[in-house]
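Got the model open in your viewer? Here is a stop-by-stop tour: what to select next, and what you will find there.

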Amino acid sequence: MSRNYYIAGNWKMHKTRSEAAELAKALVTQLKDGKHKYLVAPSFTALETVAAIVKGTNILLGAQDVASEEQGAHTGEVSVLQLKDLGVQAVILGHSERRHVYKEDDELINKKVKLALKHGFEVILCVGELLEEREAGKAEAVCETQTVKGLEGVSAAELSKITIAYEPVWAIGTGKTATPEDADAIHAYIRKVIGKLYGADAAAKIIIQYGGSVKADNAAQLMAKENIDGALVGGAALKADTFVPIAKFG
Ligand code: PGA
């Protein structure tokens, strides 16, 4: 079964509005003839600016997180309703920085996943093991738990809105990439988990991105692997010069 490649840029806590606008404009121009699916996820403060630039192009607008409640007394949080109002189409959930720095657990992430789906957003659900978990032989188990718990209560119909991003925590922002073989093995395992939950057809269709120090010079080798369907890119997504070659790999 052929799956479309999906390349997403997570800009994390970088860029003022004018810097974000500059990058978004460059990407719109340079990815106009790109063949894959694309997304950029700026900070909340730059979403409106970037929305105006990517609207009607082949680049989707994503947010890096969303609150688990629809609205209310939640100081510092951003609601799905507010994101929808800005034209956001997708949300990244369960990023390892949210899990490990801000202590989000699977239950909270699952609540966010369900709320985002209810409001019609696409979701990129991030999973991935810590170095000590990999060294203890627990990489598959950790990814399975995060996948199963993250998707609890998600229907088969809603699954078409879900992308999984496998991001080994030890590879994020460190310059260390999983080898294409190691990454592919975990992707295959996650696909098997999806198969157990939703059946073989859903497993064959789901897009599984790899994330963790993806660069122009390793993107093609990673994505040549059978189970790697794209990339969630951090550092290299901050400049058109480094993101475009990844987005146009192959
Ligand atoms: P990196 O980040 O590409 O800088 O390793 C990836 C991510 O956190 O999504």
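Accessible areas on this tour come from the Shrake-Rupley method with a 1.4 Å probe. With that in hand, show the surface of the whole chain: the accessible area comes to about 11,500 Å², and 51% of it belongs to carbon and sulfur atoms. Keep in mind throughout that this is a predicted model.

**Stop 1: the whole chain**

Switch to cartoon and colour by secondary structure. You should be able to pick out eleven helices and eight strands. The radius of gyration is 17 Å, close to the 18 Å that the globule rule gives for 250 residues, so the chain is as compact as a globular protein of that length. If you like boxes, the C-alpha trace spans about 45 × 45 × 35 Å along its principal axes.

Now colour by burial: 53% of the 250 residues count as buried. A contact map is worth a look too. Take the contacts with a separation of 6 or more; 72% of them link residues 24 or more positions apart.

**Stop 2: the ligand and its shell**

Select the ligand and bring up the residues around it. Which residues are the closest to the ligand? They are Lys12, His95, Glu167, Gly173 and Ser213, out of 13 residues that surround it. Colour that shell by residue class and you get four nonpolar, seven polar and two charged residues.

Next, put distance labels on three polar pairs:

- Lys12: a polar side-chain atom sits 2.7 Å from an oxygen atom of the ligand.
- His95: an N or O atom in the side chain is 2.6 Å from an oxygen atom of the ligand.
- Gly235: here a backbone N or O atom lies 2.8 Å from a ligand oxygen atom.

While you are there, check how much of the ligand is covered. On its own the ligand has 280 Å² of accessible area, and the protein covers 97% of that.

**Stop 3: the loop between β7 and α10**

Stay with Ser213, one of the closest residues to the ligand. Ser213 belongs to the loop between β7 and α10, and its phi is positive, about 55°, although it is not a glycine. Is Ser213 buried or exposed? Its relative accessibility is 10%, so Ser213 counts as buried.

Step along to Val214, in the loop between β7 (207-211) and α10 (216-223). At 3% relative accessibility, Val214 is buried as well, since the cut-off for buried is under 20%. Show its contacts, skipping neighbours within four places in sequence, and you will see Ala219, Leu222, Ala231, Val233, Ala236 and Ile246. Draw a C-alpha to C-alpha distance from Val214 to Val233: they are 19 residues apart in sequence and 6.0 Å apart in space.

**Stop 4: Ser43**

Jump to the loop between β2 (37-41) and α2 (47-54), where you will find Ser43. Ser43 has a relative accessible area of 13% and is buried. Beyond four places in sequence, Ser43 is in contact with Lys12, Met13, His14 and Gln64. Lys12 should look familiar: a polar side-chain atom of Lys12 lies 2.7 Å from an oxygen atom of the ligand.

**Stop 5: Val169**

Select Val169, in the loop between β6 (162-166) and α8 (180-198). With a relative accessible area of 18%, Val169 counts as buried. Leaving out residues up to four places away in sequence, Val169 touches Ser96, His100, Gly128, Glu129 and Leu130. Add a C-alpha to C-alpha distance from Val169 to Ala237: the two are 68 residues apart in sequence and 18 Å apart in space.

**Stop 6: either end of α5**

Start with Lys103, in the loop between α4 (96-101) and α5 (106-118). Lys103 has a positive phi of about 60° and is not a glycine. Is Lys103 buried or exposed? The relative accessibility is 63%, so Lys103 counts as exposed.

Then select His119, in the loop between α5 and β5 (122-127). His119 has a relative accessible area of 13% and is buried. Which side chain does the side chain of His119 make a polar contact with? It is that of Glu70, at 2.8 Å. Not counting neighbours within four places in sequence, the contacts of His119 are Glu70, Val80, Leu81 and Lys84.

Technical notes
Residues are numbered from 1 along each chain as its sequence is written. This is a predicted model: local features need pLDDT of at least 70, side-chain atom pairs count only at pLDDT 80 or more; totals for chains, interfaces and linings use all residues. Side-chain values use heavy atoms; hydrogens and water are left out. A residue is near a molecule or strand if one of its heavy atoms lies within 4 Å of it. A polar contact is a pair of N or O atoms within 3.5 Å; within protein, one must be able to donate a hydrogen and the other to accept it, and residues adjacent in sequence count only if both atoms are side-chain atoms. Ala, Val, Leu, Ile, Met, Phe, Trp, Tyr, Cys and Pro count as nonpolar, Asp, Glu, Lys and Arg as charged, and the others, Gly among them, as polar. Helices (H or I, at least four residues) and strands (E, at least two) are DSSP runs, numbered from the N terminus. The radius of gyration is taken over C-alpha atoms; the globule rule is 2.2 Å times the number of residues to the power 0.38. Buried means under 20% relative accessible area, exposed over 50%, partly exposed in between (1.4 Å probe, protein chains only). Contact means heavy atoms within 4.5 Å.
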